[in-house]
Amino acid sequence: EEIEIDYIGGADTVVAQVVDRPGNFESYSIEIDRGTDDGVRRGMPVVTSAGLVGRVSEVQAGFSQVRLLHQPEFPLGIRVVGTGEVALARGQGIGQDLVVKEGIIEETIIKVGDPVVTSGIEGSSYPPDLVVGVISEVEFDTRLLEQEISVRLIADLDDLRFVTIILWTVDGDSTS
């Protein structure tokens, strides 16, 4: 299975198996078989070899819940590689691209296919430069004079079997 993750700047990681999608309906979270006993804390980023999938939302001794990125309104600070432009993306539901509605000014040239990573700006919930996806659509809102941008996730959120938790917290403190 896809275990090798090489884009985490030196942070420790823990591999977990996905044990459940709560309920048998389309879900915005998964349950994994690692928890506080394994060093997992609330808020830690969760990835696959393809890229970011979400973050730990609840933790118990031997298992955790992970909120997935496509959850509606789930905020994610992103950076468009090559432009240096930092913005806020949000989930829009299962199978939907993320949408960026704020932060990208009209002068910025953004193209379909541009790679998108986590911004890692101060206070962000994620370390910088985790792969998120690629720009899938760019539209210009003439009324707001802003670009509305869609980001297609690279990681497949529908068929997660193993994930990797990055043992990283916002304040660098793994005890909270």
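User: What makes the charged end of R55 count as sitting over the ring of Y126?

Analyst: In this predicted model, the charged end of R55 lies 5.9 Å from the centre of the Y126 ring. The rule asks for CZ of Arg to be within 6 Å of the ring centre and within 35 degrees of the ring normal, and the charged end of R55 is accordingly listed as sitting over that ring.

User: How many aromatic pairs does the rule for ring centres give?

Analyst: The count comes to zero aromatic pairs, where a pair would need ring centres within 6.5 Å.

User: Why is S119 called buried or exposed?

Analyst: S119 has a relative accessible area of 10%, and buried means under 20%, so S119 is called buried. This residue lies in the loop between β9 (115–118) and β10 (131–141). Leaving aside residues up to four places away in sequence, S119 touches G77, I78, R79, V86 and P128, where a contact means heavy atoms within 4.5 Å.

User: Why does G82 count as buried or exposed?

Analyst: The relative accessibility of G82 is 80%, and exposed means over 50%, so G82 counts as exposed. G82 is found in a loop as well, the one between β6 (75–80) and β7 (85–90). The C-alpha atoms of G82 and I110 are separated by 9.0 Å, although the two residues are 28 apart along the chain.

User: How do you know that β8 and β11 are paired, and which way do they run?

Analyst: Three bridges join strand β8 (residues 98–102) to strand β11 (residues 146–153), while pairing requires at least two bridges, so the two strands pair, and they run antiparallel. As one example of a bridge partner, L98 is matched with V151 in β11. In general, the strands of a sheet pair through backbone hydrogen bonds.

User: Which strands make up the closed barrel?

Analyst: The closed barrel has six strands, in the order β6-β7-β8-β11-β10-β9, and the pairing is antiparallel. Neighbouring strands of this sheet are turned by 45 degrees against each other on average, with direction ignored.

User: What does the protein look like as a whole, in terms of helices and strands?

Analyst: The secondary structure comes to zero helices and twelve strands. Buried residues make up 41% of the 176 residues in the protein, and the exposed area is about 8900 Å², of which carbon and sulfur atoms supply 45%. Among contacts between residues at least 6 apart in sequence, 56% join residues at least 24 apart.

Key:
Residues are numbered from 1 along each chain as its sequence is written. This is a predicted model: local features need pLDDT of at least 70, side-chain atom pairs count only at pLDDT 80 or more; totals for chains, interfaces and linings use all residues. Side-chain values use heavy atoms; hydrogens and water are left out. Helices (H or I, at least four residues) and strands (E, at least two) are DSSP runs, numbered from the N terminus. Buried means under 20% relative accessible area, exposed over 50%, partly exposed in between (1.4 Å probe, protein chains only). Accessible areas come from the Shrake-Rupley method with a 1.4 Å probe; for residues, only the protein chains shown count as cover. Rings of Phe, Tyr and Trp (its six-membered ring) pair if their centres lie within 6.5 Å; planes under 30 degrees apart count as stacked, over 60 as edge-to-face and the rest as tilted. Axes are lines fitted to C-alpha atoms, for helices over the stretch in contact, and angles run from 0 to 180 degrees between N-to-C directions.
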